[in-house]
Amino acid sequence: MLELRPGCECCDRDLPPDSVAARICSFECTFCADCADGVLGGLCPNCGGELVRRPIRPAAALARHPASVRRVFKG
C-alpha cells in the first residue's frame, strides 16, 4: 500500500492524500506537479525513475489505512 507522503521533497509543499498535484516514482519519492514537471523534468532525482500522478485512495479506505505523516524534505 502506498504511504501517501504529506509533502513535496523538493519544495516542501503540502500534498494531502486527495491531491491531484502529487507525483511519485516507483519508490514513492513524492513531489508536487510544479517541481516534477519543471525543475525535475519528470524524473526522480533520487532514483532516476519516471514521476507519475499519485493515485487517490478512496475515503473509506483512507479511514482504515491513513496517509503517512512522515515528511521527507531535501530542499
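This is a short chat about the salt bridges and the cavity in a predicted model.

Me: How many salt bridges turn up in the whole structure?
Reply: A search of the whole predicted model finds seven salt bridges.

Me: What does E3 pair with, R70 aside?
Reply: The side chain of E3 meets that of R5 in a salt bridge, with 2.9 Å from N to O. E3 counts as partly exposed at 25% relative accessibility, whereas R5 is buried, its relative accessible area being 10%.

Me: And the one with R70, how far apart are the closest N and O atoms?
Reply: In the salt bridge between E3 and R70 the closest N and O atoms are 3.4 Å apart. That pair links distant parts of the chain, since E3 lies in the segment before β1 (22-24) and R70 in the segment after α2 (59-64), 67 residues apart. R70 is partly exposed, with a relative accessible area of 42%.

Me: OK, what about R13, which residue does it bridge to?
Reply: R13 forms a salt bridge with D34, where the closest N and O atoms are 3.6 Å apart. Here R13 sits in the segment before β1 and D34 in helix α1 (residues 33-37), 21 residues apart. R13 counts as partly exposed at 34% relative accessibility, while D34, at 58%, counts as exposed.

Me: Which residues do shared partners join into one network?
Reply: Salt bridges with shared partners join E3, R5, E9, R70 and K74 into one network.

Me: Changing topic, what lines the largest cavity?
Reply: The lining consists of L2, E3, L4, R5, I24, E28, T30 and R54, which by class gives three nonpolar, one polar and four charged residues. The volume of this cavity is about 30 Å³.

Methods: Residues numbered from 1 in each chain as written. Predicted model: local features only at pLDDT ≥ 70, side-chain atom pairs only at ≥ 80, totals over all residues. Heavy atoms only, no water. 1 Å grid on protein atoms, 1.4 Å probe; cavity = no way out; pocket = protein on both sides within 12 Å on 5 of 7 lines; lining within 4 Å. Points joined across faces, edges and corners; volume = space filled by probe spheres on them. Nonpolar A, V, L, I, M, F, W, Y, C, P; charged D, E, K, R; others polar. Salt bridge = Lys/Arg side-chain N within 4 Å of Asp/Glu carboxyl O. Buried < 20%, exposed > 50% of the residue type's maximum accessible area, 1.4 Å probe, protein only. Helix = DSSP H or I, 4+ residues; strand = E, 2+ residues; numbered from the N terminus.
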